[in-house]
Structures are given as C-alpha cells and as structure tokens.
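Biologist: I'd love a close look at one part of this model, namely its salt bridges. Please take me through them and then through the surroundings of the helices involved.

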Amino acid sequence: MAARSRTSTSQPSHASERSASGESSSSDGSSNGGNSNKSHKAGGKADGAKKPGQIELSPEVLNGDSLIEVDGIEVDLKNRYLAAFLAWIVPGAGHIYQGRHSKATLFIISVLSIWFLGFALGGWNVVYASWQPGDRRWHYFLQAGVGAAALPALVQGDRMRRATDPTTGRTLDSYRPLWRGFMAPPHRPVLEGEADEVAAWYARHGSGYEMGTWFTMIAGLLNFLVIYDAFGGPLAVPISGKKKS
C-alpha cells in the first residue's frame with residue numbers, strides 16, 4: 001500500500017516537471033519568435049527606408065489613376081483616353097481639356113506652324129491620301145498625326161477612288177475635286193518617268209516639294225508625342241532638380 005501511494009504521489013511530480021519544462025520551452029520559443037519578428041520588422045524598415053536623394057514615385061501613378069504629382073504639384077489628367085483623342089484631333093486640345101494651358105499653347109503653335117509651313121513649301125500639294133500603283137502615299141500615315149488638319153485628304157482620296165476607271169486606272173473626265181483641289185490626289189495614272197501631275201508639282205516647286213513633305217511628316221510625328229503626354233502626363237519624377245526633405 002505504501003509503495004502504491006508513493007507511486008501515485010510521484011506521477012504528479014513528473015507531470016508537473018513536464019508541464020514546467022513545456023512552459024519554459026514555449027516561453028523561450030515565444031520570446032525567440034518575438035525577437036525574430038522584431039528583428040525581421042526592423043530589417044524590413046531598414047530595407048524600405050528612403051535613401052538620401054532617392055526619387056519617390058507617387059502611389060497614384062503606380063496605381064494608374066488620373067491624378068499624378070510632379071515637384072509637389074498635382075496634375076489631374078481627367079479622362080486619359082478622351083484627352084489623347086482630343087490631342088490627336090487638334091494638337092494641344094487634350095491639354096486644354098486637362099487645364100494644362102501653357103503646354104497647350106506651346107503644342108498648338110509649334111506643331112501646327114511646322115505642319116502649315118511644310119504644306120506651303122510644297123505648294124499645298126504635299127498632303128493627300130492615295131494608295132494606288134505608282135502612287136502609294138505612305139507619307140500620309142505620318143502626316144495624319146496632326147488630326148483634323150489632314151482629314152480633308154481622306155474625303156478627296158475617296159472621291160478620286162470612285163472617279164477612277166478600274167480597268168484602265170485612269171481618272172474619269174467627269175471628275176471634279178472638292179474645295180478647288182485642296183488635298184486632292186493627282187490625276188491618275190501616276191507612272192514613274194511619265195509627265196504626270198506629280199511630276200508637274202516637282203517641277204514647279206523643286207526642293208520645296210520634298211521639304212514640305214518632310215515638314216508635314218515631322219509635325220505629325222511630334223504630335224504623337226503630344227498625344228502620349230496628354231495620356232500619360234508629365235514625368236512622374238522631379239524635373240526641377242528639387243529634392244524632397
């Protein structure tokens with residue numbers, strides 16, 4: 001009986017020892033885990049800390065929203081797609097819609113002045129839409145970058161297409177261009193080495209015809225950059241050399 005009582009009394013002691021050891025190990029584990037978490041958080045803060053001179057991007061830009069910040073100035077791009085479309089129709093119109101009037105004025109004057117200067121140098125004949133054998137006017141795809149200013153050429157090109165005999169490829173005698181021939185394609189056919197209307201334009205304006213073609217193409221390319229600026233906004237990084245403290 002005495003031995004049985006000693007055995008029964010000794011079992012709780014072993015259980016208490018095991019529970020005590022378990023509690024001590026759990027407390028050690030929790031303390032170690034807490035220390036590791038603290039060190040991990042501290043390391044995360046150290047990694048995410050802003051370095052001197054580091055450029056900080058606005059979170060609105062990263063999220064693709066319309067509100068961006070440059071040099072501490074907020075710029076509301078509003079509807080990006082509408083702004084880009086307006087910028088194509090009339091250079092600078094998208095920036096007027098966004099309230100960026102200084103840039104709008106700069107783009108309107110610079111792009112349209114280059115375009116109309118080239119148009120005048122070429123005798124008002126360098127912008128037209130045509131995709132016929134001997135006269136594939138690929139230049140128009142770039143000239144059309146200025147939007148509405150080049151759209152009459154599409155109307156004139158369609159009118160010329162309907163007035164061309166499909167069997168002979170010649171312009172019908174009944175054809176009359178609109179608007180006194182403004183942006184109208186040359187009479188067909190246009191053949192290499194033949195005395196056609198394009199050859200007459202080259203002879204009349206000389207190098208001005210080539211320069212006018214390139215000027216109008218460059219103006220269209222410049223407006224593609226204007227369209228991108230209306231859609232994406234200015235650079236989302238400081239551009240004045242200022243650094244945030």
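Modeller: Happily; I'll start with the ground rules, then go through the pairs and their surroundings.

This is a predicted model, so to speak of local features I need pLDDT of at least 70, and side-chain atom pairs count only at pLDDT 80 or more, while totals for chains, interfaces and linings use all residues. Residues are numbered from 1 along each chain as its sequence is written, and side-chain values use heavy atoms, leaving out hydrogens and water.

The structure holds four salt bridges, each being a side-chain nitrogen of Lys or Arg within 4 Å of a carboxyl oxygen of Asp or Glu. In one of them, Lys103 meets Asp229 at 3.1 Å, N to O. This pair links distant parts of the chain, 126 residues apart, with Lys103 in helix H5 and Asp229 in helix H9. Helices here are DSSP runs of H or I with at least four residues, numbered from the N terminus. Asp229 is buried, at 12% relative accessible area, whereas Lys103 is partly exposed at 30%. Buried means under 20%, exposed over 50%, and partly exposed in between, with a 1.4 Å probe and protein chains only. Arg100 joins Lys103 and Asp229 in a network of salt bridges.

Helix H7 (residues 152-162) offers a local arrangement around Asp158. Arg161 pairs with Asp158 at 2.7 Å between the closest N and O atoms, and Arg162 pairs with Asp158 at 3.1 Å. Why do these partners come from one stretch of helix? An α-helix has 3.6 residues a turn, so residues three or four places apart point the same way. Arg161 is three residues from Asp158, about one helical turn, and Arg162 is four residues from Asp158, again about one turn. Asp158 is partly exposed at 30%, as is Arg161 at 46%, while Arg162 is exposed at 55%.

Back to H9, which spans residues 207-232. The largest nonpolar core has 25 residues, with Trp115, Phe119 and Met183 among those with the most contacts inside it; such a core is a set of buried Ala, Val, Leu, Ile, Met, Phe, Trp, Tyr and Cys residues joined through side-chain atoms within 4.5 Å. H9 gives the most to this core, with five residues. Just before H9 comes Gly206, which follows helix H8 and has a positive phi, near 60 degrees.

Conventions. Helix = DSSP H or I, 4+ residues; strand = E, 2+ residues; numbered from the N terminus.
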